[in-house]
Amino acid sequence: MNAMRAALALAYREVRRLVRQPLRIAVAIATPAMMWLFIASGFASSIRPESLGDESGTSLTIYLLPGMASLVVLFNAIFASISLIEDRHEGFLQAVLVSPAPRWSMAVGKLLGGGLLGFAQAMVLLVFSPLVGATLSAEGLLSAIVALACLSLGITGLGLATAWKVDSSSGFHGVMNLVFMPMWLLSGAIFPVEGASGWLRALVMVNPMAWCQRVVGAGLQGQTDAAALLLSLVFAAMGVTLAMLTMGWGRARGG
């Protein structure tokens, strides 16, 4: 009971930290929204609907939406990971590590807080999807929500596990540019992969962010991609496990 109370307290702290930084909320949502607006309105006539991989003629606006939602999740995971490094430098982690609460509760609290914030902000884009022509069904909407939750947990867990091993925010920015942003770019978030080279399509197929985006994309057309949904659940389990193993039972990095 004390362990879960400690985990919930840490998750609540992450939420309060975000509420006190409204600029962070604006950046996390406004940047993907601006990219969505500029690309969808600026390149709509340059990309044929049939090249988006859907014979029914999905508009570029709808095609881009899953990628923009995943970018919101990614930004929040990056912020959550950087906050872990800041907590270490400020001595907060030292206090948590010497408390009676088990170390896994710290990992759970960080995962819950970071994952919840990313999921909630990405849902804002999903809520407004019918206004741009999305065809939602109960099954499709439910699968899209589950996929976003899986993406939030998976990418936040991956970010926290990486941040646990990195000593500085600048070092984590290097990891972000080397790993996380290419993951997003190679997920089919902006460009359809149907006409891409074989090696690039192979990279997309093994990219966990692409799995989650496929589910969200299908959900916006009232469909369910069961295989991609299963892979999304696997990614969430992998991210949570990695964070738990690294932070919960790994070497102490409180100072």
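Trainee: At what angle do helix 6 and helix 7 pack, and how far apart are their axes?

Mentor: In this predicted model, helix 6 and helix 7 pack at an angle of about 150°, and their axes are 11 Å apart.

Trainee: Why are helix 6 and helix 7 called roughly antiparallel?

Mentor: Angles over 145 degrees count as roughly antiparallel. The angle here is about 150°, and helix 6 and helix 7 are therefore roughly antiparallel to each other. The crossing of helix 6 past helix 7 is right-handed.

Trainee: Which residues make the contact of helix 6 and helix 7?

Mentor: Helix 6 contributes Ile155, Leu158, Gly159, Thr162 and Ala163, while helix 7 contributes Phe172, Val175, Phe180 and Met183. By class, the residues of this contact divide into seven nonpolar, two polar and no charged.

Trainee: What makes helix 5 and helix 6 oblique to each other?

Mentor: The axes of helix 5 (residues 103–127) and helix 6 (residues 138–165) cross at roughly 135° and come within 8 Å. Roughly antiparallel would require an angle over 145 degrees, and roughly perpendicular one of 65 to 115. The value of roughly 135° fits neither range, and the two helices are therefore oblique. Their crossing is right-handed.

Trainee: Which residues of helix 5 and helix 6 meet, and how are they classed?

Mentor: From helix 5 the residues include Met106, Leu111, Gly114, Gly118 and Phe119, and from helix 6 they include Leu141, Ile145, Leu148, Ser152 and Trp164. The contact as a whole has 14 nonpolar, six polar and two charged residues. Arg103 and Lys110, both in helix 5, are part of this contact and belong to the charged class.

Trainee: How do you know that helix 3 is oblique to helix 9?

Mentor: The axes of helix 3 and helix 9 (residues 208–219) come within 9 Å and cross at roughly 130°. That angle lies between the upper limit of 115 for roughly perpendicular and the limit of 145 for roughly antiparallel, which makes helix 3 oblique to helix 9. Helix 3 passes helix 9 in a right-handed crossing. Pro66, Gly67, Ser70 and Leu74 in helix 3 meet Met209, Gln213, Val216 and Gly217 in helix 9. This contact has four nonpolar, four polar and no charged residues.

Trainee: Which residues have the most contacts inside the largest nonpolar core?

Mentor: They are Leu74, Ile155, Phe172 and Trp184, in a core of 63 residues. Helix 3 (residues 60–90) supplies the largest share of this core, 17 residues. Trp184 touches Gly67, Ser70 and Leu74, among others, and also Met209 and Gln213.

Trainee: Why is Val166 counted as buried?

Mentor: Buried means under 20% relative accessible area. Val166 has 14% relative accessibility, and therefore counts as buried. Val166 lies in the loop between helix 6 and helix 7. Its C-alpha is 31 Å from that of Leu230, 64 residues away in sequence.

Trainee: What makes Gly195 exposed?

Mentor: Exposed means over 50%. The relative accessible area of Gly195 is 77%, so Gly195 is exposed. Gly195 lies in the loop between helix 7 and helix 8. The C-alpha atoms of Gly195 and Leu229 are separated by 24 Å, the two residues being 34 apart along the chain.

Conventions: Residues numbered from 1 in each chain as written. Predicted model: local features only at pLDDT ≥ 70, side-chain atom pairs only at ≥ 80, totals over all residues. Heavy atoms only, no water. Core = buried A, V, L, I, M, F, W, Y, C linked by side-chain atoms within 4.5 Å. Buried < 20%, exposed > 50% of the residue type's maximum accessible area, 1.4 Å probe, protein only. Helix = DSSP H or I, 4+ residues; strand = E, 2+ residues; numbered from the N terminus. Contact = heavy atoms within 4.5 Å. Axes fitted to C-alpha atoms, helices over the stretch in contact; angles between N-to-C directions. Parallel < 35°, antiparallel > 145°, perpendicular 65-115°, else oblique. Left-handed = near helix turned anticlockwise from the far one by under 90°. Lists of a residue's contacts leave out its neighbours within four places in sequence.
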